[in-house]
Amino acid sequence: MKSEQRVSAVEFVGPPPKQRNTKHVRIAADLRAHPNVWGVVQKPASVTRASSAAQAIRNARLPAYGPAGSFEAVARTVTSGGSTEYRVYARYVGGAE
């Protein structure tokens, strides 16, 4: 009799990282390493998403950007060569660590 092996739909990889939003942790660390320097941190599909992301950074809705006020962020629409792109610019301005 031939036995069939069951393939699991779950990937067992261990506990999750202690810090959530690891992409944002890396972005915030890069900005902290270059205080007061603006960087493009996202290029979302719409100006609405860009504005929402900028507000989330300013208000520290994600712990990586805390405390609130430590980062400045703005959304901009950039048109060049007939194409339009939405960008989120951010910079670290300091705060209580």
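This section describes the strand pairing, nonpolar core, aromatic contacts and salt bridges of a predicted model.

Strand E2, spanning residues 71-80, pairs with strand E3, spanning residues 83-92, in the antiparallel sense, and 10 bridges join the two. The two strands form a hairpin with two residues between them. Gly-81, in the turn, has a positive phi of about 60 degrees. Phe-71 in E2 has Tyr-92 as its bridge partner in E3.

The largest nonpolar core contains 16 residues. Those with the most contacts inside this core are Leu-31, Val-41, Ile-57, Tyr-65, Phe-71, Val-88 and Ala-90. At least two core residues are supplied by each of helix H1 (22-33), helix H2 (47-58), E2 and E3. H2 provides the largest share, four residues. For Leu-31, when neighbours within four places in sequence are left aside, the contacts are Val-37, Val-41, Phe-71, Ala-90, Arg-91 and Tyr-92.

Two aromatic pairs were counted. In one of them, Tyr-65 and Phe-71 are arranged edge-to-face, with 5.3 Å centre to centre and 90 degrees between the planes. The assignment as edge-to-face follows because the angle between planes is over 60 degrees. Tyr-65 is buried, its relative accessible area being 1%, and Phe-71 is likewise buried, at 2%. Together with Tyr-92, Tyr-65 and Phe-71 form one aromatic cluster. Phe-71 therefore appears in this cluster, among the core residues with the most contacts, and, as a buried residue, in the bridge to Tyr-92.

Side chains of opposite charge can pair when their charged atoms come close. The count of salt bridges comes to three. The side chains of Glu-85 and Lys-43 meet in one of these, with an N to O distance of 3.8 Å. This pair links distant parts of the chain, 42 residues apart: Glu-85 lies in strand E3 and Lys-43 in the loop between strand E1 (39-42) and H2. Glu-85 is partly exposed at 27% relative accessibility, whereas Lys-43 is exposed, with a relative accessible area of 55%. Glu-85 also forms a salt bridge with Arg-87, in which the closest N and O atoms are 2.6 Å apart. Arg-87 counts as partly exposed, at 22% relative accessibility. Lys-43, Glu-85 and Arg-87 are thus linked in a network of salt bridges.

A further salt bridge joins the side chains of Glu-72 and Arg-91, at 2.7 Å from N to O. Glu-72 belongs to strand E2 and Arg-91 to strand E3, 19 residues apart in the chain. Glu-72 is partly exposed, with 31% relative accessibility. Arg-91 is also among the contacts of Leu-31.

Key:
Residues are numbered from 1 along each chain as its sequence is written. This is a predicted model: local features need pLDDT of at least 70, side-chain atom pairs count only at pLDDT 80 or more; totals for chains, interfaces and linings use all residues. Side-chain values use heavy atoms; hydrogens and water are left out. Rings of Phe, Tyr and Trp (its six-membered ring) pair if their centres lie within 6.5 Å; planes under 30 degrees apart count as stacked, over 60 as edge-to-face and the rest as tilted. Buried means under 20% relative accessible area, exposed over 50%, partly exposed in between (1.4 Å probe, protein chains only). Two strands pair if DSSP finds at least two bridges between them. A nonpolar core is a set of buried Ala, Val, Leu, Ile, Met, Phe, Trp, Tyr and Cys residues joined through side-chain atoms within 4.5 Å. Contact means heavy atoms within 4.5 Å. A salt bridge is a side-chain nitrogen of Lys or Arg within 4 Å of a carboxyl oxygen of Asp or Glu.
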